[in-house]
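Visitor: I would like to learn how to read a model such as this one, step by step.
Guide: Gladly; let us look at it together.

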Amino acid sequence: MNKILIIDDHADIRRLISITLGKNYEIFEAEDGVSGLKLAMQQQPDIVVLDVMMPGVMNGLQVLDAIQCAPSLSHTKVLMVTARGQVHDYEDGMQRGAYAYFIKPFSPLQLAATIKKALSE
Amino acid sequence: MRNKLYIGILLVIAYVLIETVWLIFVPNDHFVPVVSTTILIVSLLLLLGHAARVNKLLRQRTDELNQRENYLRASIDNLPFFFWLKDADHRFLAVNKVFAEACGRSPTDIVGLTDFDVWPHELAEGYRKDDIEVMSSRKEKSVEEPVAGGSNAGWIETYKKPVIASDGNILGTVGFARDISDRRQLLDALEKSELRWQLALEGSNEGIWDWNPATGEVYFSEHWKNMLGYRADEIGTSLDEWIYRVHPDDLDRTMADVQRHLRGETDLYQNEHRMRCKNGEYKWILDRGRAQFDRQGHALRMVGSHSDITERKKTEALILENAEQLSAIFSLSPDGFVSFDKSHCVKYVSPAFTHLTGLAEIDVLGITEGEFSTLLAGLCTPESRFAGIASQRAMQKIQACGNSECRQRIELAVAGKRVLEVSLRESKSEVVSQILYLRDITHETEVDHMKSEFLATAAHELRTPMASIYGFAEILLNQDFEQNERNELLNTIFKQSELMVSIINELLDLARIEARRGKDFTLSLFELGNLLQEVISGFKPPSERTSPVLQLAAQKILVRADRNKLTQALNNVISNAYKYSPNGGEISVTFIQPSVAQPSEHTGDTLPVGICIRDQGIGMTHEQLARVFERFYRADASGAIPGTGLGMSIVKEIIELHGGSVALESHLGKGTAVTLWLPTSPTTETSPTDILSFTEQSEL
């Protein structure tokens with residue numbers, strides 16, 4: 001089963017995504033950047049769903065950069081799900097290597113579809 | 001002579017008769033005829049001799065008279081003026097050569113003629129009239145009049161006098177006339193010169209002095225005296241009149257200057273000193289003069305003028321004052337000015353310019369516009385580089401915005417970013433061609449930045465609950481769930497909706513607080529400990545955090561306040577306490593009752609009370625502490641800590657509108673304590689005046 005890591009400080013969002021994806025995937029959750037990255041290194045998920053604005057030492061973009069650098073995570077595709085909706089935020093994220101960028105509020109079904117597509121590639 | 005002739009003839013006749021008679025009657029007597037003949041011959045001889053003598057005398061006399069007449073005529077003819085003699089019938093008895101020449105005739109021809117024969121009718125009439133007047137009044141008359149031909153041809157002075165015989169009869173008139181054109185011209189010139197001099201003096205407002213060093217006397221012109229407020233008769237001719245009035249502080253210097261000139265060291269004497277006027281006040285005078293020296297170098301005479309330079313001195317002082325004022329204004333103005341001269345080279349930079357850019361006046365004085373542009377551009381960040389004065393000018397021209405609308409925004413690459421707004425103003429003045437105006441908009445830019453940050457943040461804050469609502473709604477519509485789970489999801493939607501409502505309310509609150517300034521507070525009297533218990537029990541701390549710990553005061557504390565607003569304020573502070581202590585720690589709420597009154601706008605007799613909310617979180621730096629209450633200011637700008645940046649400013653508004661104050665204490669890395677000071681009400685209660693006074697306060 002494919003592993004999916006959800007990193008977001010809002011519990012409701014994590015719940016939403018987790019419920020949407022259902023039992024077809026192995027789902028891991030983290031509340032902030034540091035623990036999220038740690039979990040990623042541990043589990044080497046296929047997909048990381050990442051929020052940008054999180055409290056703590058690392059924000060989402062820094063996590064993204066870290067994931068891109070980590071050789072063990074070279075297969076990992078990162079989907080950004082964030083409230084940051086400016087054009088430059090989107091471009092920034094895509095430039096840094098995100099696979100997709102979702103702006104909140106987002107359609108969970110579309111997110112699920114994109115994950116499916118990403119996994120098939 | 002004639003008489004003698006008659007006598008002679010009579011004698012002859014008498015002789016003939018006697019002889020004839022004797023001869024006839026006594027023909028023989030020869031004695032008597034001989035005697036009588038002898039007597040006759042002797043008498044005739046005597047007579048002849050006498051006659052010859054008389055003749056000779058006469059001739060002598062005549063010769064003398066002729067000679068005299070010649071002398072006289074020569075004198076009269078050679079007199080440089082007209083001369084004439086007329087009889088009582090206005091006929092010329094004699095005229096001199098000058099007169100005759102003027103008529104174009106010879107003197108002898110004129111004798112016997114009248115004025116009418118010799119002069120044009122009008123002139124003759126005039127002369128006749130004068131003659132008549134002179135003869136009838138028996139008085140001389142002197143007239144100065146222009147010559148026939150107008151005054152430019154010349155002036156004549158005519159003098160007429162009646163000739164009166166010793167018996168009192170008028171014999172005629174004598175007159176002479178002379179050309180006084182020269183004299184007239186001289187007089188005219190003198191008059192003009194005098195007038196010119198007077199006008200010049202008056203116009204130049206100068207007083208004149210003329211000093212005779214030998215006698216020590218000075219001529220002071222009337223204007224000299226008037227200038228000091230004196231009449232002409234109030235100042236004499238002594239040098240002391242001047243010395244006595246020179247201001248004591250100026251006297252030494254003045255005398256030294258005079259001496260230097262008298263010694264020949266200066267070509268012109270010039271000195272500015274104060275003179276005492278009649279009214280006791282002093283006037284600034286410019287004293288100038290020059291001496292005239294003899295061969296030995298002694299001063300014979302010194303002449304000079306006084307100019308009243310009081311006005312000039314006042315103007316000088318005024319100009320100085322203005323310059324100082326402008327200088328002060330420029331020094332105080334936070335905006336930078338750079339002015340360029342006629343050839344577009346830097347002429348002046350204001351102190352603020354130096355402060356903003358680090359370029360001192362000496363660094364840029366005199367450089368061209370192009371060099372200046374390069375220099376300034378070099379100080380800028382690459383993204384917001386100064387494009388140059390020429391391009392600024394072109395831009396302004398193209399956009400036809402005259403002087404003010406087109407401004408370049410540049411950013412200086414200095415420590416602590418600095419954003420300047422640059423505009424160019426062209427001048428029509430001769431002295432200044434253009435002024436570059438640099439306005440420091442760093443702060444405004446930041447505020448604008450914060451405001452747009454705020455809007456972005458506000459929008460962002462709404463997105464997150466929206467994401468839950470939208471997301472859960474979508475999956476509820478597309479998937480089946482068990483009843484329990486479905487309810488749970490619906491509940492989440494509900495809660496998030498509530499959160500959105502509170503965010504929206506907070507935004508609206510802010511708008512209202514800004515607009516209404518607390519006029520709509522509803523005040524009631526309540527016990528503070530009671531309120532705090534309510535607030536804390538109602539507050540939902542973030543997950544895994546404990547509720548705030550409340551330590552009640554020993555006694556009851558009564559306040560008169562708006563319950564809701566106070567709750568809001570407390571909630572904001574408590575919420576912040578949690579937000580800024582992400583690593584956990586206890587949030588404590590305590591009461592502080594000081595023994596000494598707080599130094600703020602507390603009124604009333606009762607001591608204020610402080611509600612202290614303390615966290616053990618990340619604390620704040622000095623800068624953050626200073627800006628805590630700034631609208632939109634967020635200590636953590638990265639957005640990792642959510643919030644609109646309005647929370648504390650709302651708290652401050654609310655507390656201050658209650659007549660209280662907010663105090664902060666923070667240590668970086670250790671935590672923060674926020675104390676809300678509120679005025680208390682005495683435990684014995686309520687008079688209507690209390691209500692009134694408090695309402696008034698809250699309307700501040």
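**Reading sheets, helices and cores**

Visitor: Before the sheets, which residue of β22(B) is the bridge partner of G610(B)?
Guide: A bridge pairs one residue with another across two strands, and here W677(B) is the partner of G610(B). Keep in mind that this is a predicted model. The strands concerned are β20 (residues 609-614) and β22 (residues 671-678) of chain B, which run antiparallel and are joined by six bridges.

Visitor: What is the order of strands in the open sheet of five strands with mixed pairing?
Guide: Reading across the sheet in chain B, you meet β17-β19-β20-β22-β21. The edges are β17 (549-551) and β21 (661-667) of chain B; each has a single partner strand, so one side of each lacks a neighbour in the sheet. Neighbouring strands are turned by 20° against each other on average, direction ignored.

Visitor: Which helices pack on this sheet?
Guide: To place a helix, see which strands it touches and then compare directions. Helix α18 (residues 528-538) of chain B touches β17, β19 (588-592) and β20 of chain B, and its direction makes about 170° with that of β19(B). Helix α21 (residues 647-657) of chain B touches β21 and β22 of chain B, at about 25° to the direction of β22(B).

Visitor: How should I think about the core?
Guide: In soluble globular proteins, nonpolar side chains tend to be buried together. The largest nonpolar core here has 36 residues, and L528(B), I611(B), I613(B) and L676(B) touch the most other members. At least two residues each come from α18, β18 (558-561), α19 (563-579), β19, β20, α21 and β22 of chain B. The largest share is that of α19(B), with seven residues.

Visitor: Which residues is I611(B) in contact with, leaving aside its neighbours within four places in sequence?
Guide: Among them are L528(B), L532(B), L570(B), V589(B), F591(B), V674(B) and L676(B). Apart from this core lies another, of 30 residues, including L16(A), I17(A), Y25(A) and A467(B).

Visitor: What is the order of strands in the open sheet with antiparallel pairing?
Guide: This sheet of five strands in chain B reads β7-β6-β10-β9-β8. Its edge strands are β7 (217-220) and β8 (269-276) of chain B; each has a single partner strand, so one side of each is left without a neighbour in the sheet. From one strand to the next, the twist averages 25°. Four bridges join β6 (residues 206-212) of chain B to β7(B), and the two run antiparallel. There, W209(B) stands opposite F220(B) in β7(B). Helix α10 (residues 248-262) of chain B lies across β6, β8, β9 (282-293) and β10 (299-308) of chain B, at about 155° to β8(B).

Visitor: How many helices and strands are there in chain A?
Guide: Five helices and five strands, and along the sequence they follow the pattern β-α-β-α-β-α-β-α-β-α. Of the 121 residues of chain A, 49% count as buried. Among contacts in chain A between residues at least 6 apart in sequence, 58% join residues at least 24 apart.

Visitor: Is Q42(A) buried or exposed?
Guide: Compare its relative accessibility with the cut-off: exposed means over 50%. Q42(A) has 54%, so it counts as exposed. Q42(A) sits in helix α2 (residues 33-43) of chain A. S72(A) is 30 residues from Q42(A) along the chain, and their C-alpha atoms are separated by 9.7 Å.

Terms used. Residues are numbered from 1 along each chain as its sequence is written. Chains are lettered from A and ligands numbered from 1 in the order in which they are written. This is a predicted model: local features need pLDDT of at least 70, side-chain atom pairs count only at pLDDT 80 or more; totals for chains, interfaces and linings use all residues. Side-chain values use heavy atoms; hydrogens and water are left out. Two strands pair if DSSP finds at least two bridges between them. Axes are lines fitted to C-alpha atoms, for helices over the stretch in contact, and angles run from 0 to 180 degrees between N-to-C directions. Contact means heavy atoms within 4.5 Å. A nonpolar core is a set of buried Ala, Val, Leu, Ile, Met, Phe, Trp, Tyr and Cys residues joined through side-chain atoms within 4.5 Å. Buried means under 20% relative accessible area, exposed over 50%, partly exposed in between (1.4 Å probe, protein chains only).
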